[in-house]
Amino acid sequence: MKQPPQKKDGPPVASSVAASERGVDRPVEKERKKDLPPPRMQFDDESRVDKAKRRSLLNQPEARNRVELFRHLPPHKNGSQLPYLESKFFELHEMHPSVYKVGLQYLTGDTSGGNARCIAMLQAFQEAIRDYSTPPEKTLNRDLTSKIGGFVSFLIECRPLSMSMGNAIRFLKSRIARLPLTLSESEAKAALCSDIDRFINEKIVLADKVILRHAATKIRDGDVLLTYGSSCVVEMILLYAHEIGKQFRVVVVDSRPMLEGQKQLRRLVAKGLSCTYTQLNAISYVMHEVTRVFLGASSIFSNGTVYSRVGTASVAMVAHAFHVPVLVCCEAYKFHERVQLDSICFNELGDPDAVSKVPGREDVNYLDNLTDKQKENLQLLNLKYDATPSDYISVIVTDYGMIPPTSVPVIVREYRKEYLLI
Amino acid sequence: MPDTQALVNDFLNKLKKRKIEGSQATAKQTAELLRSVISQTRVPYTNQAAALIQSVKAVGEGLIAANPVELAVGNVVRRVLHIIREEDLSLTTAAMAGLNLSAVSDDEDDVGGDNQPVLSAAAIAAASRSTLRPPSLQTLLEDVPDSAAVPHTSSSGGDSEGKSKSADKSSRSRKLKHDVIEAVNELIQDINTCHEQIAEQAVENIHQNEVILTLGSSRTVLEFLCAAKEKKRSFRVFVAEGAPRYQGHLLAKELVTRGLQTTLITDSAVFAMISRVNMVIVGAHAVMANGGVIAPVGLNMVALAAQKHAVPFVVLAGSHKLCPLYPHHPEVLLNELRSPSELLDFGEFSDCLDFGSGIGAPLLHVVNPTFDYVPPKLVSLFITDTGGHNPSYIAEIYQLFVTSLRGEDMKFKSEIMKTNCVAGGNLVKS
C-alpha cells in the first residue's frame, strides 16, 4: 500500500482500517492518537527532504537564500514548474486528468481562496471516483483511499493544502472508511459522489447563505465598512446588503504582492457600491471613519486565532486600537483543532521574486541588477498567511451563528462528529 | 536686496512644487537662504536686532506658507530668530559690562518710558549670569524680560550716554551681523553633521545578534546601522518595503552593499515578523512638541505592533526636525495626499471611474497619504544629535524653548518683566 510521503492530510487512515480488521479490541492509545493532528513534514531535516525529493514529481530547484526562520517550511514552487509538469503528463498514469488540471490551476494561482480551492478539489475527486474501478484482489475501501492519498500528495506538491481542503479530505477518507462492505462498487461510488455533493452544498453553499443573513443584520445605514484583500464571503455579504437596500460605503484595503483587493474592488464598483481604495500602510489614516471591519479567514484555530491572508492581523490590530468592531466571517468546516500562537510555526511561503519586482512601476525597480555580493546578503520573504490573535476579534460569523472566538473549540468538539457522520 | 529676492523666490518655488526631498536638505537650504537674507539686510544704528528679526520673519512666513507640511522650514526660521536674539543679548551684556554703568543713572533714564523695559542692575546681573551659566528653567524665565528688553535698552542706554558710545555702536552693529552669521553657519554645520552625531550613539544601542526592523528608507537609519556595523556588531535587519513609494527596496540595496544581512519583507508581514524582532528603528519626518512623530505612512501600524509585542520603538531625528508646535488632527492637517496612480493604474481602472451611474458622482475614491502620526505613548526612545530622550522630555525641552523665543508676545512679557525687575532690584540692592 502506498503511504503518502507527507502526512499532512488527516489522521493515518491506515491505522483505522487495520483496526477495523482486527475487530473491537483496539488499544486505547490508537484512539487518542487519532484525535491529535498528524505530524507535519519537516523541511529542515535533511534526510527527510532528500527522501521526499526522490519521490516528488516536481523538479524542486534549490531555493537560494532561504530565510533562516522559515527553513521548516517548503519553498515556493512557482509557475516555472509548469512546462516540466506538462511534459510529465503522460508518465503520470495514476493521475486522473481532472486532478491534474486542478493541480495546475493551484500552481499557477488561477484558483485561489479557501472555498474555491476546496470545491475544485472535491469536484475533481468526484470525477475520479466516477471513473474509478476496483482492481482485482483489492477492496474498494483501501484501494480508493490510497488513490485519494496519491492525488492529495500531488496537490500538495503543487501548492500546500489549505485548512479547508485538509478538513474536506479528512471527511472524504472517513466516508470511504465507513462504507458498508456489502455495497457493490457502483452503489459505493454513487454514495460517495452524493456525499461529496452534500458536503459542498451543506458546508459551503448553504453555510454561506446563513452567514449572509447573520452578517447583514450587523450592517446599518450610514456605515463605513472596511474589508481587506479579497474574501468571497465578505464580497457576498456586501453585495447582499446592497441588494436589500442598505446604504453604506466600503473601504477596500489592499496589499502587496498579491494585490487581490483590486479584483474585488472592480466587482464591487461594477455592482454600484461606493468604494474607497487604499494600501495597507494607510490603514491608520482611513480607520478614523470606519465603523465596522469585515474579514475573511482561511481557518480558525482552537485557541481562537484567525489564520488568514498576511496583513489581516495588522488590520485587526489597528481596528482594535481605534475601537472598531472586527467581524470575521468563516464557514464552520474551516475550523481546525490545531493551535497556533504566531505566524511562523506554520505558514506558506510565496514567490520571493514577487517582493522585489513591482509590476507596472518601472521607476521603483531598484532591485534589478544586483551584484552577486549583494545577492548573497539579501533575502526576500513573501509570506502568504498570518495569525491574528483572538483578542482583536469581536465576533465570528459562522453558519452555526455568531460566536465569540472562545467558542471555536466547542464547535470543533461538538459538531465535528456531526459532519463526519453525515 | 534684489539678489536675495530672486533667491527667495526660487526657493519658494521649489518648496511649492515639492522639489526638495527630505527635511535635512530643506533645513540646510532654508538656513543658507536666511543667512544671505541676514547679510543683505541693512540694519539701522539703533534696534538692529529688531530689523534683522523683522526681515527674517517676513521671509520665514512666506517659506512656511509655501509648504506647511515641511515643518523643518519653520524650525530653522525659529532657530535663526532665537540666534539673533541670543547674539544681541550677549553683545549687549558684554558692552554693558565693559562700560561700568551705574544702577542709579539707568533707573532715572528709564523710569518715564511707557512699555520701556527697565534696565536695572538686577537685569544686567541676570544677563551676565545667563551668559556664564548653562540655561535652566530659572534663568530662562529671567531671560525673557532681558532678551526682549535688550533692543530698547540699547537704544535708551545709547541716548543717555551720549556720543562716546556711538563708535562702539557702529562697531557693535557690524559685530551683531557678523556674530549672527557665524552662529547660522554653526547651525548649518549642525544640520550637516546630525547624521554622524546620531550614528555615534549606535554602538550603545545595538548589541550582538540583534534583529532590527525598519520601514521605508531614512538616511539617518542607514548611517546608524552602518556605524554599528563598523564597530563589528553583528546583527540582521528586516526592511519593510514601504509601499507605495517602495523606498525599503533602496534601503535594502544600500544595506547589502555595505555587507549587512538584510531580509526584505512586505508591509503586510510586519505583524507576523515582529515577534522575532528585538528593536524597531525608524526615521521621522518631524517630531512635535508633545513627543508625537510625523513619520512616513505605515509607521503607526508598526508602532502598534511593536507595543503589542513589547518591542522598543526607537525614532532617530536630527534636532532640525524637532518642532515646537502641538499637533492638532495631524492625520489631516499635517498630511499630504499623493497621486492615486501610485496605487491604481488609471488605464486599468478607467471603467470604474465612470461618472454615469446613479447619483452621477464617482464611485471610486483612492486615498494615498504620505505621512502617519505616531502618538508619543508608542515611542520608547528618541535619539537626536544631543543624545537619547524620552518622548515626555522632548515635550519639556520644547516648553522651555518656546517661552524663550516668542518675540510677538513682547507685550505680555513686559508685564512679567516689571514685576521681576522690581523684585530683583530689591534683592541686589540689599
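**Entry 1: α9 and α10 of chain A**

I began with the place where two helices of chain A meet, and found that D208(A), I211(A), L212(A), R213(A), A215(A) and A216(A) in α9(A) touch V233(A), M236(A), I237(A) and Y240(A) in α10(A). By class I noted 8 nonpolar residues, no polar ones and 2 charged ones in the contact of α9(A) with α10(A). I keep in mind throughout that this is a predicted model.

I then looked up the geometry: helix α9 of chain A covers residues 185–216, and its axis comes within 9 Å of that of α10(A), with a crossing of roughly 55°. That angle makes α9(A) oblique to α10(A). I recorded the crossing of α9(A) and α10(A) as right-handed.

**Entry 2: α10 and α11 of chain A**

I stayed with helix α10 of chain A, residues 232–243, and asked how it lies against helix α11 of chain A, residues 261–270; the axes come within 11 Å and cross at roughly 15°. The two helices, α10(A) and α11(A), are therefore roughly parallel to each other, and their crossing is right-handed. On the side of α10(A) the contact is made by E235(A), L238(A) and L239(A), and on the side of α11(A) by Q264(A), R267(A) and L268(A). I sorted the residues of the contact of α10(A) with α11(A) into 3 nonpolar, 1 polar and 2 charged.

**Entry 3: R267 of chain A**

I picked out R267(A), which is found in helix α11 of chain A, for a look of its own. Is R267(A) buried, partly exposed or exposed? At a relative accessibility of 38%, R267(A) counts as partly exposed, because the partly exposed class lies between the 20% and 50% limits. Setting aside its neighbours within four places in sequence, I found R267(A) in contact with S230(A) and E235(A). I also noted that the C-alpha atoms of R267(A) and L239(A) are separated by 9.5 Å, although the two residues are 28 apart along the chain.

**Entry 4: α7 and α8 of chain A**

For another helix pair I turned to helix α7 of chain A, residues 140–158, and helix α8 of chain A, residues 163–177, whose axes come within 9 Å and cross at roughly 165°. With that angle, α7(A) and α8(A) are therefore roughly antiparallel to each other. The crossing in which α7(A) passes α8(A) is right-handed. From α7(A) the contact takes N141(A), L144(A), T145(A), I148(A), G149(A) and V152(A), and from α8(A) it takes I169(A), L172(A), K173(A), I176(A) and A177(A). I counted the residues of the contact of α7(A) with α8(A) by class as 7 nonpolar, 3 polar and 1 charged.

**Entry 5: S356 of chain A**

I located S356(A) in helix α14 of chain A, which spans residues 353–356. S356(A) counts as buried, because its relative accessibility of 10% is under the 20% limit. What does the side chain of S356(A) reach at 3.2 Å? It reaches the backbone oxygen of D353(A). Not counting residues up to four places away in sequence, S356(A) touches N365(A), L367(A) and L380(A), and also H249(B). As a separate check I looked up E337(A), 19 residues from S356(A) along the chain, and found the C-alpha atoms of the two separated by 36 Å.

**Entry 6: chain B**

I moved to chain B and noted 16 helices and 11 strands in it. Of the 430 residues in chain B, 54% are buried. Among the contacts in chain B with a separation of 6 or more, 80% are between residues 24 or more positions apart.

In chain B I looked at helix α13, residues 299–308, where 8 of the 10 residues are buried, so this helix is largely enclosed by the rest of the structure. The buried residues of α13(B) include L299(B), N300(B), M301(B), V302(B) and A303(B), together with L304(B), A305(B) and A306(B). Just after α13(B), I noted that A310(B) takes a positive phi of about 55°.

My last lookup was T214(B), placed in strand β1 of chain B, residues 210–215. T214(B) is buried, with a relative accessible area of 3%. Leaving out residues up to four places away in sequence, T214(B) touches V221(B), V237(B), F238(B), V239(B), A240(B), L251(B), I281(B) and V282(B).

Conventions. Residues are numbered from 1 along each chain as its sequence is written. Chains are lettered from A and ligands numbered from 1 in the order in which they are written. This is a predicted model: local features need pLDDT of at least 70, side-chain atom pairs count only at pLDDT 80 or more; totals for chains, interfaces and linings use all residues. Side-chain values use heavy atoms; hydrogens and water are left out. Helices (H or I, at least four residues) and strands (E, at least two) are DSSP runs, numbered from the N terminus. Buried means under 20% relative accessible area, exposed over 50%, partly exposed in between (1.4 Å probe, protein chains only). Contact means heavy atoms within 4.5 Å. A polar contact is a pair of N or O atoms within 3.5 Å; within protein, one must be able to donate a hydrogen and the other to accept it, and residues adjacent in sequence count only if both atoms are side-chain atoms. Axes are lines fitted to C-alpha atoms, for helices over the stretch in contact, and angles run from 0 to 180 degrees between N-to-C directions. Angles under 35 degrees count as roughly parallel, over 145 as roughly antiparallel, 65 to 115 as roughly perpendicular and the rest as oblique. A crossing is left-handed if the near helix is turned anticlockwise from the far one by less than a right angle, and right-handed if clockwise. Ala, Val, Leu, Ile, Met, Phe, Trp, Tyr, Cys and Pro count as nonpolar, Asp, Glu, Lys and Arg as charged, and the others, Gly among them, as polar.
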